[in-house]
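Reader: I am new to this structure and should be grateful for a close look at a single part of it. Please describe that part first and then place it in its surroundings.

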Amino acid sequence: MKLYGLHNCDTCRKARKALPESEFIDVREAGLPSTLADRALEQFGEILVNRRSTTWRELSEEVRKQPPAALLAAYPSLMKRPLILDDDDELHLGWGSDVQEKLLG
């Protein structure tokens, strides 16, 4: 299982604590593989871009008009977190009760 997120994200920390055997990838340092980003955008659409983040609020209106794929490539911290690739090759977004139930049983 792989968790994609940020080291300093509280939600990512909670997910990492609950899933200690998972591999954590910090998207700010390693980036998000383009094939995974494309797949996540196809599955989750625009909600993959966290429009409530500090990074989003700091962007100009012109930059905000870019397509989600371009935004996430340029600003990986804009991704809603965590993005989880489970052992069954399924993607999960966030750490809500629905995701926790699927992954923890």
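Author: In this predicted model, the side chains of histidine 92 and aspartate 86 are joined by a polar contact of 2.8 Å. Histidine 92 belongs to strand 4. Its relative accessibility is 5%, and because buried means under 20%, histidine 92 counts as buried. Apart from neighbours within four places in sequence, histidine 92 is in contact with Phe44, Pro82, Leu83, Ile84, Asp86, Val99, Lys102 and Leu103.

One of these residues, Leu83, leads to the wider setting, for Leu83 is among the residues with the most contacts inside the largest nonpolar core. That core has 31 residues, and Tyr4, Leu48, Leu72, Met79, Leu91 and Trp95 are also among those with the most contacts inside it. Strand 4 (91-93) is one of the elements that each supply at least two residues of this core, as are strand 3 (83-85) and helix 7 (97-104). Helix 3 gives the most, with four residues.

Leucine 48 offers a second view of the core. Not counting residues up to four places away in sequence, leucine 48 touches Ala37, Ala40, Leu41, Leu72, Leu78, Met79, Lys80 and Leu93.

Strand 1 (2-5), helix 1 (10-18) and strand 2 (23-26) likewise each supply at least two residues of the core. Together, these three elements make a right-handed β-α-β unit. Strand 1 and strand 2 run parallel and are joined by four bridges, and glycine 5 stands opposite aspartate 26 in strand 2.

Terms used:
Residues are numbered from 1 along each chain as its sequence is written. This is a predicted model: local features need pLDDT of at least 70, side-chain atom pairs count only at pLDDT 80 or more; totals for chains, interfaces and linings use all residues. Side-chain values use heavy atoms; hydrogens and water are left out. A nonpolar core is a set of buried Ala, Val, Leu, Ile, Met, Phe, Trp, Tyr and Cys residues joined through side-chain atoms within 4.5 Å. Buried means under 20% relative accessible area, exposed over 50%, partly exposed in between (1.4 Å probe, protein chains only). Contact means heavy atoms within 4.5 Å. Two strands pair if DSSP finds at least two bridges between them. A crossover is right-handed if, with the strands pointing away from the viewer, the path from the first strand over the helix to the second runs clockwise. A polar contact is a pair of N or O atoms within 3.5 Å; within protein, one must be able to donate a hydrogen and the other to accept it, and residues adjacent in sequence count only if both atoms are side-chain atoms.
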